[in-house]
Amino acid sequence: MNTHKILERAHLRPTFPRVLVLEFFHEHSRDHFSAEQVYKLLNEDMRNMSLATVYRVLGQLVDADLLSGVAFGDGRMVYELNDGTRHDHLVCTVCGRIYEFFDAEIEARQQSVANSLDFAVTGCQLVLFGICAECRRSGAQARAVIRR
């Protein structure tokens, strides 16, 4: 992976903050992070990047389709590497862990509904909230906030 070439192909100048953030997401390609988490983790190594810079770079990388931003109903926004594959999310309301999944039947049904309404879908986000198996086993679900 040549981060500089990836940024240039996306018509972005490979500035130090852009390179750092994009490399961070390539190193954590299956994970989801808030802007605050990216800021904290990047600054552990004394990078001295401001939170405002992190927010600005995340926005630029999302606009360039290099990252995806996923908005959860609780006002939380997380970012992930955009690998071009369609997937949905499960979010544990206890521990906050995010799981990805893909289901062809769900995708087909969504397209069928859109077609039946003569609706051109330009984007879609499916997020299911619940309690993961680990939290259920530990009894943590008693403390969970139920969201619908």
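Is Phe33 buried or exposed? Select it and have a look: Phe33 is buried, with a relative accessible area of 9%, and the cut-off for "buried" is under 20%. Keep in mind as you go that this is a predicted model.

**Stop 1: the rings**

Keep Phe33 on screen and add Phe24 and Phe25. Ring pairs link these three residues, Phe24, Phe25 and Phe33, into a cluster. The structure holds three aromatic pairs, and you can look at two of them here. Start with Phe24 and Phe25: their ring centres are 5.4 Å apart and their planes stand at 90 degrees, so this pair is edge-to-face. Both of these residues are buried. Now swing over to Phe25 and Phe33, where the centres lie 5.9 Å apart and the planes are at 80 degrees, so this pair is edge-to-face. As for Phe25, its relative accessible area is 0%, so it counts as buried.

**Stop 2: the sheet**

Next, switch to a cartoon view and pick out strands S3 (88-92), S4 (residues 98-101) and S5 (127-130). These three strands form an open sheet in the order S4-S3-S5, with mixed pairing. S4 and S5 stand at the edges with a single partner strand each, so one side of each has no neighbour in the sheet. On average, neighbouring strands here are turned by 25 degrees against each other, direction ignored.

Zoom in on S3 and S5. They run parallel, and four bridges join them. To find one of these contacts, select His89: its bridge partner in S5 is Val127.

**Stop 3: the largest pocket**

Where should you click to land by the centre of the largest pocket? Try Arg86, His87, Gly123, Cys124 and Gln125, the closest to its centre of the 21 residues in the lining. The space in this pocket comes to about 470 Å³. Colour strand S1 (67-71), strand S3 and helix H5 (104-116) too, since these are the elements that give two or more residues to the lining. By class, the lining has four nonpolar, 12 polar and five charged residues.

**Stop 4: the second largest pocket**

Last, go to the second largest pocket, with a volume of about 230 Å³. Its lining includes Arg30, Asp31, His32, Arg76 and Tyr99. Which element gives the largest share of this lining? That's strand S4 from the sheet, with three residues. Colour the lining by class and you'll get three nonpolar, three polar and five charged residues.

Technical notes: Residues numbered from 1 in each chain as written. Predicted model: local features only at pLDDT ≥ 70, side-chain atom pairs only at ≥ 80, totals over all residues. Heavy atoms only, no water. 1 Å grid on protein atoms, 1.4 Å probe; cavity = no way out; pocket = protein on both sides within 12 Å on 5 of 7 lines; lining within 4 Å. Points joined across faces, edges and corners; volume = space filled by probe spheres on them. Nonpolar A, V, L, I, M, F, W, Y, C, P; charged D, E, K, R; others polar. Pairing = 2+ DSSP bridges. Axes fitted to C-alpha atoms, helices over the stretch in contact; angles between N-to-C directions. Phe/Tyr/Trp six-rings, centres within 6.5 Å; stacked < 30°, edge-to-face > 60°. Buried < 20%, exposed > 50% of the residue type's maximum accessible area, 1.4 Å probe, protein only.
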